[in-house]
Amino acid sequence: MRHISMKSWGWVLALVASSGVSATAASAAGPKIGFLLSTMQEERYQKDKSVFEQTVKKLGGEVFFSSANNNEATQAAEMDNLLSKGVKVIVLQPVNGDAAASLVKQASKDKVPVIAYDRMIKNAPIAAYITKDSYKVGVLQAEAAVKATGGKGNYVILMGQAGHSVADAITLGVTDTLKKHPAIKIVKQQNHQGWSPELAMKTVEDVLTKQKNNVAAILANNSGMAHGAVRALEEQKLAGKVFVAGSDADLSTIRNIVAGKQSLEILAPFDELAAKAAETAMNIAQNKPFKSDTMVENGAGKIPVVSTPVYAIDKSNIDTLIVKSGFHSKEAVYGNVVKAKK
């Protein structure tokens with residue numbers, strides 16, 4: 001792990017110090033931390049919110065939470081609301097990583113540092129970037145697809161919302177891996193507003209029609225779109241015959257793997273991601289150093305990155321990585337299948 005020196009995050013200390021609240025005073029009162037998510041649409045975000053709040057509370061702080069329903073205007077309004085609460089640090093998952101630079105500037109006027117959560121904020125002096133290894137997500141998806149399809153066939157890439165660093169990074173991991181296999185043809189690569197499962201389903205339906213059901217693999221940037229793909233495949237009685245991968249390990253997609261309708265999910269333990277975000281935010285709020293893994297350029301300078309690992313999930317390791325870890329319960333994962341057999 002990399003230790004952030006006083007010099008490398010001195011501008012953060014300056015922001016906090018100039019707020020007129022000393023580290024001791026902030027600690028005694030319990031620093032107020034803003035947590036602003038892009039959406040609560042996916043199941044995973046309930047876990048992010050819960051772990052983040054529990055961690056901040058354990059460390060002596062208080063969380064002010066909001067989400068933006070994947071709407072940029074709503075996110076700007078919620079940023080105003082959090083700043084009015086007197087928060088000392090804001091952890092922000094941007095609706096749009098480019099447009100969110102204005103939100104960072106907005107916060108800087110109130111001397112409030114911003115941490116990018118799960119998605120990079122570009123061209124703005126953020127305090128840190130907390131993320132999973134999104135590029136590796138794409139690599140793991142593509143490697144499994146290549147193995148399953150013999151490195152050939154028509155592929156579909158279902159991307160998240162345009163302008164999202166996570167969607168771009170996952171897709172880059174996919175395409176970098178697939179370009180080593182010339183017998184693979186990407187017949188569709190498309191962004192989807194709001195990471196919508198319904199729009200992803202429509203994309204797959206259209207591709208199946210155009211390709212006369214000749215599709216070997218569908219790689220989705222998240223669980224919701226993977227589930228949408230499975231629904232489209234079910235209509236053509238192709239579920240289980242086409243390789244499908246997603247990311248986030250939502251319960252619906254894990255159940256689809258158990259049922260043989262989906263091939264792969266990528267798990268990024270969100271408890272680790274949310275906990276690290278909470279710890280980093282509390283350290284910054286109290287003028288304490290924090291640890292990072294690397295530095296990355298975001299257009300406004302080098303940003304410290306705190307990252308968490310990702311894991312490929314299939315039928316062989318659901319019990320180990322999903323059930324035993326407590327990510328989903330055994331009853332939730334297998335209950336419907338067991339009942340169906342009775």
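**Notebook: helix packing around α9, with notes on α6, α7 and Thr-55**

I looked first at how α9 meets α10 and recorded a left-handed crossing. I note that the model is a predicted one. I fixed the geometry of this pair next: the axes of helix α9 (residues 223-235) and helix α10 (residues 251-258) come within 9 Å, and they cross at roughly 45°. I therefore class α9 as oblique to α10. I then listed the residues that make the contact: α9 contributes Ser-223, Ala-226, His-227 and Val-230, while α10 contributes Ser-252, Thr-253 and Asn-256. I sorted the residues of this contact by class and found two nonpolar, five polar and no charged ones.

**Entry: α8 against α9**

I turned to the pair formed by α8 and α9, whose axes come within 7 Å and cross at roughly 40°. I class α8 as oblique to α9, because an angle of this kind falls outside the parallel, antiparallel and perpendicular ranges. I recorded the crossing of α8 past α9 as right-handed. From α8, I found Pro-197, Glu-198, Ala-200, Met-201, Val-204, Glu-205 and Leu-208 in the contact; from α9, I found Gly-224, Met-225, Gly-228, Ala-229, Arg-231, Ala-232, Leu-233 and Glu-235. By class, I counted nine nonpolar, two polar and four charged residues where α8 meets α9.

**Entry: α9 itself**

I checked the length of α9: its 13 residues reach 19 Å from first C-alpha to last, close to the 18 Å expected at 1.5 Å a residue. Which residues of α9 are buried? I found Ser-223, Gly-224, Met-225, Ala-226, Gly-228, Ala-229, Val-230, Ala-232 and Leu-233. I looked up what these buried residues pack against, and the partners are the strands β7 (153-158), β9 (217-220), β10 (243-247) and β11 (264-267), together with the helices α8 (197-210) and α10.

**Entry: α7**

I compared α7 (residues 165-178) with its expected span: 14 residues at 1.5 Å each should cover 20 Å, and the end C-alpha atoms are 20 Å apart, which agrees. I noted ten of the 14 residues of α7 as buried, so this helix is largely enclosed by the rest of the structure. The buried positions I listed in α7 are Ser-165, Val-166, Ala-167, Ile-170, Thr-171, Gly-173, Val-174, Asp-176, Thr-177 and Leu-178. I found that the cover over the buried residues of α7 includes β6 (128-132), α6, β7, β8 (184-190) and β9.

**Entry: α6**

I followed this to α6 (residues 134-149), a helix of 16 residues that reaches 23 Å between its end C-alpha atoms, close to the 22 Å expected at 1.5 Å a residue. I recorded its buried residues as Ser-134, Val-137, Gly-138, Val-139, Leu-140, Gln-141, Ala-142, Ala-145, Val-146 and Thr-149. After α6 I found Gly-150, with a positive phi near 70°.

**Entry: Thr-55**

I located Thr-55 in helix α3 (residues 44-58). Is Thr-55 buried or exposed? I noted a relative accessible area of 13%, so Thr-55 is buried, given the cut-off of under 20%. Leaving out residues up to four places away in sequence, I found that Thr-55 touches Ala-275, Ala-278 and Glu-279.

**Entry: the whole chain**

I closed with totals. I found 13 helices and 15 strands in the chain. Of the 342 residues, 53% are buried. Among contacts between residues at least 6 apart in sequence, I noted that 74% join residues at least 24 apart.

Technical notes: Residues numbered from 1 in each chain as written. Predicted model: local features only at pLDDT ≥ 70, side-chain atom pairs only at ≥ 80, totals over all residues. Heavy atoms only, no water. Helix = DSSP H or I, 4+ residues; strand = E, 2+ residues; numbered from the N terminus. Expected span 1.5 Å × (residues − 1). Buried < 20%, exposed > 50% of the residue type's maximum accessible area, 1.4 Å probe, protein only. Axes fitted to C-alpha atoms, helices over the stretch in contact; angles between N-to-C directions. Parallel < 35°, antiparallel > 145°, perpendicular 65-115°, else oblique. Left-handed = near helix turned anticlockwise from the far one by under 90°. Contact = heavy atoms within 4.5 Å. Nonpolar A, V, L, I, M, F, W, Y, C, P; charged D, E, K, R; others polar.
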